[in-house]
Amino acid sequence: MGNFDDLIAANKKFAETFELGGFDGVAHAGVAIVTCMDSRIDPLRMVGLTPGDAKIFRNPGGRVTDAALEALVLGVHLLGVERILIVPHTKCAMASNTENELRVRVGKSAGVDASWQSFHVISDQIASLQQDVQRVRTHPLIPDHVEVGGFMYYVDTGLIDQKF
Ligand SMILES: [Zn+2]
């Protein structure tokens, strides 16, 4: 306890002007975004959205994993999602290290063996993005009327560029 004091204090301030009470959990702009956990990415603001507008699913690399698909299926059928953006980004650690390099780096930081830990590194971001877009488009529980786009986010300009 105590190590979170700054964040808890900030939360109290946040709650003072909180306006989302009683708000439902639907994606009001009909949007879902799958993107990386990278702290340079502000997934709502980068496409002009605000809290309440979109479902956001993040993981290292912004990959369409089984968990991401689970979220997208729920989003489409129960939470109003009609457009899905898959958005990896430039300078992503998952695309600029090998799995072995990440194991070595994490092992050094942890001070214990990390050779058993899987890291889903990306050898070709564009090819992986294409596969991920296909994976969503061909999912039996994602209907054809749902738009699926694959984008690259450029961390140095803030722009997204549609690739698929
Ligand atoms: Zn990343």
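The donor residues of the zinc ion follow the spacing C-x52-H-x2-C in sequence. This is a predicted model, in which local features need pLDDT of at least 70 and side-chain atom pairs count only at pLDDT 80 or more, while totals for chains, interfaces and linings use all residues. Residues are numbered from 1 along each chain as its sequence is written, and side-chain values use heavy atoms, with hydrogens and water left out.

The protein donors are Cys36 (SG), His89 (NE2) and Cys92 (SG), at 2.0 to 2.3 Å from the zinc ion. Donors are N, O and S atoms within 2.8 Å of the metal (3.2 Å for Na, K and Ca); water is not among the atoms, so sites may look incomplete. Cys36 belongs to strand β1 (residues 31-36) and Cys92 to the loop between β3 (83-87) and α3 (93-96), so the pair ties together parts 56 residues apart in sequence. Helices (H or I, at least four residues) and strands (E, at least two) are DSSP runs, numbered from the N terminus.

Both cysteines are buried: Cys36 has 4% relative accessibility and Cys92 has 3%. Buried means under 20% relative accessible area, exposed over 50%, and partly exposed in between (1.4 Å probe, protein chains only).

Two helices can be set side by side.

| Helix | Residues | End-to-end C-alpha distance | Expected span | Arc of buried residues |
|---|---|---|---|---|
| α2 (66-78) | 13 | 18 Å | 18 Å | 165° |
| α5 (125-137) | 13 | 18 Å | 18 Å | 140° |

The expected span is 1.5 Å times one less than the number of residues in the helix. The arc is that of the directions from the helix axis to the C-beta atoms.

In α2, the buried residues are Ala68, Leu69, Leu72, Val73, Gly75 and Val76. Their arc of only 165° puts them on the same side of α2. Asp66, Glu70 and Leu78, on the other side of α2, are exposed. The cover over the buried residues of α2 includes β1, β2 (54-59), β3 and α5. After α2 comes Gly80, with a positive phi near 80°.

In α5, Gln125, Ser128, Leu129, Asp132, Val133 and Val136 are buried. These residues lie on the same side of α5, because they cover an arc of only 140° around the axis. They pack against α2, β3, α3 and β4 (147-153). At the N-terminal end, Asp124 caps α5 through a side-chain oxygen 3.1 Å from the backbone nitrogen of Ile126; a polar contact is a pair of N or O atoms within 3.5 Å, where within protein one must be able to donate a hydrogen and the other to accept it, and residues adjacent in sequence count only if both atoms are side-chain atoms.

Ser128 of α5 has 11% relative accessibility and therefore counts as buried. Leaving out residues up to four places away in sequence, Ser128 touches Arg63 and Ile122. Contact means heavy atoms within 4.5 Å.

The largest nonpolar core has 18 residues, of which Val31, Leu85, Val87, Met94 and Tyr153 touch the most other members. Such a core is a set of buried Ala, Val, Leu, Ile, Met, Phe, Trp, Tyr and Cys residues joined through side-chain atoms within 4.5 Å. Two or more residues of this core come from each of β1, β3 and β4, and β1 gives the largest share, three residues. Apart from this core lies another, of 17 residues, among them Leu69, Val81, Ile86 and Val146.
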